[in-house]
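Here is a friendly walk through one protein chain, written for someone who would rather be at the bench. Keep the viewer open and follow along.

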Amino acid sequence: GDQYDGTYHNPVIPSDYSDIDCIRVGDDYYAISSTFQFSPGMIILHSKDLVNWRICGHAITDLTQISPELNWDKMNRYGRGVWAGTIRYHNERFYIYFGTPEEGYFMTSSPRPEGPWEPLHPLLKEPGWDDCSVLWDEKGNGCFVGTHFADGYKTYLFKLSADGKSIDKPSAILVNSGSGREANKLIKVKDWYYLVFSEHKSNKGRYVMAKRSKKLMGPYIEEKQLALPCREAMEPNQGGIIEGRDGKWYFFTHHGTGDWSGRIASLLPVTWINDWPIIGTVLPGNIGSMKWASQKPHSEKNEFHIQRSDEFDNSTISLQWEWNYQPRNEMFSLSEREGWLRLKAYKPLKEDELLYAGNTLTQRCFRTYRNEVI
């Protein structure tokens, strides 16, 4: 992260922050990361410089809005639940959209990133979809994009209602298919609309691609690879491309295999070449590659950091903690002994299966990295 000399080293968050999306609202940056079966769901981050981040809230307080299978008495969605989503700011309101592999797509909104967020609203009650994004044009027309991974990774554009709470399924336009194409992000820069996504090929790995069009609903015919797979950097590939308040562009992305070690977060510079956003170090042929160190977007100091320590002196669980599934509220307390968190034991749902041992309370693990600076 921050080297405190005007530079930073990647990863800027050496912890499991999968499926990132990022936006700027005025002088502030906000990002989201998927939370799978953990509660509260859909973590929201806040930064002033894209390098130093803090947790500012969660969009989902009750996972049973998605399914009762995510409650403490079911616990039947390990590694599923809240998958990749998108965060947008529209008409002075924050919107978050995401998918779950069994239940479909959901959305919520709030005037403040800290919340409170509206109860979840379903958009598509159908399994097998992931990695959605939305965008509105200057006239207020909305577009929703999502990938039907259960049907050969087919990606569709849909018309989005004015209130952002429904999609017109018959309006579907196929824009991508196959090659594991997902990680969708819709952005507009100057006269172009871009569908940024990643794809995977067995002999190459996963890498970032983009299509572009002069119209929001397409057709998206022109296509370009924006970066190499960079397997030595665990394939940075899913994140948000944003313009900093310094006028430069950046890609805030996860990279990692998604195994037990999680997926860390890095910040890569973006160079626009022929109206294409080339990610990281620009190589011959105008293609990007991983960049381990660079200048910070903003040099002023701030006190932001990912919260870790806890004195348990608040009336609610601090933002850095996440329960495994929706917790059994009567089995923990911050008030029974002031300044302490009291956890109470109870019998597992199935005594012969450790998977059903009940809620655990965790934080996202931080790891130490020693990378050669390139």
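Two strands count as paired if DSSP finds at least two bridges between them. With that in hand, phenylalanine 98 can be placed: this residue stands opposite phenylalanine 106 in β9. Please keep in mind that the model you are looking at is predicted.

## The chain as a whole

Let's start with the broad view. The chain has 29 strands and zero helices. Its C-alpha trace spans about 60 × 55 × 45 Å along the principal axes. How does the radius of gyration fit a compact globule? For 374 residues such a globule would have a value near 21 Å, and the chain has 20 Å, so the two agree.

Buried residues make up 58% of the 374 residues. The chain exposes about 16800 Å², and carbon and sulfur atoms supply 49% of that area. Among contacts with a separation of 6 or more, 52% come from residues 24 or more positions apart.

## The sheet from β2 to β6

Now to the sheets, beginning with one in the N-terminal part of the numbering. Four strands form an open sheet here, in the order β2-β3-β5-β6, with antiparallel pairing. Its edges are β2 (21–25) and β6 (53–60), each of which pairs on one side only. From one strand to the next, the twist averages 25 degrees.

Strand β5 (residues 41–47) pairs with β6 in the antiparallel sense, over six bridges. In this pairing leucine 45 stands opposite isoleucine 55 in β6. The two strands form a hairpin with five residues between them, and leucine 50 in the turn has a positive phi of about 70 degrees.

Is β6, as an edge strand, mostly covered or mostly open? It is mostly covered, with seven of its eight residues buried. As background, side chains in a regular strand alternate between the two faces of the sheet.

## The sheet from β7 to β10

A second open sheet also has four strands, in the order β7-β8-β9-β10, and its pairing is antiparallel. At the edges sit β7 (85–90) and β10 (121–124), and each pairs on one side only. Neighbouring strands are turned by 25 degrees against each other on average, direction ignored.

This is where the opening pair of phenylalanines belongs. Strand β8 (residues 93–100) and strand β9 (residues 104–110) run antiparallel and are joined by seven bridges. Phenylalanine 98 faces phenylalanine 106 of β9 across that pairing.

## Threonine 147 and its surroundings

Threonine 147 lies in strand β12 (residues 142–148). Is threonine 147 buried or exposed? Its relative accessibility is 0%, and because buried means under 20%, threonine 147 counts as buried. Its side chain makes a polar contact of 2.7 Å with the side chain of threonine 155. Leaving out residues up to four places away in sequence, threonine 147 touches several others, including Tyr105, Trp129, Asp131, Tyr153, Arg181 and Asn184.

One of those contacts, tyrosine 153, deserves its own look. Tyrosine 153 lies in the loop between β12 and β13 (154–160). Its phi is near 55 degrees, a positive value in a residue other than glycine.

## Loops worth a closer look

Aspartate 19, in the loop between β1 and β2, also has a positive phi, of about 60 degrees, although it is not a glycine. Glutamate 232 lies in the loop between β18 (222–225) and β19 (238–243). Its C-alpha is 9.0 Å from that of methionine 290, although the two residues are 58 apart in sequence.

The table sets these loop residues side by side by accessibility.

| Residue | Relative accessible area | Class |
|---|---|---|
| Aspartate 19 | 6% | buried |
| Tyrosine 153 | 27% | partly exposed |
| Glutamate 232 | 61% | exposed |

Finally, look for two cis peptide bonds. One joins asparagine 10 and proline 11, with omega of about 5 degrees. Proline 11 is in the loop between β1 (7–9) and β2. Another joins glycine 218 and proline 219, with omega of about 15 degrees. Proline 219 is found in the loop between β17 (205–213) and β18.

Methods:
Residues are numbered from 1 along each chain as its sequence is written. This is a predicted model: local features need pLDDT of at least 70, side-chain atom pairs count only at pLDDT 80 or more; totals for chains, interfaces and linings use all residues. Side-chain values use heavy atoms; hydrogens and water are left out. Axes are lines fitted to C-alpha atoms, for helices over the stretch in contact, and angles run from 0 to 180 degrees between N-to-C directions. Buried means under 20% relative accessible area, exposed over 50%, partly exposed in between (1.4 Å probe, protein chains only). A polar contact is a pair of N or O atoms within 3.5 Å; within protein, one must be able to donate a hydrogen and the other to accept it, and residues adjacent in sequence count only if both atoms are side-chain atoms. Contact means heavy atoms within 4.5 Å. The radius of gyration is taken over C-alpha atoms; the globule rule is 2.2 Å times the number of residues to the power 0.38. Accessible areas come from the Shrake-Rupley method with a 1.4 Å probe; for residues, only the protein chains shown count as cover.
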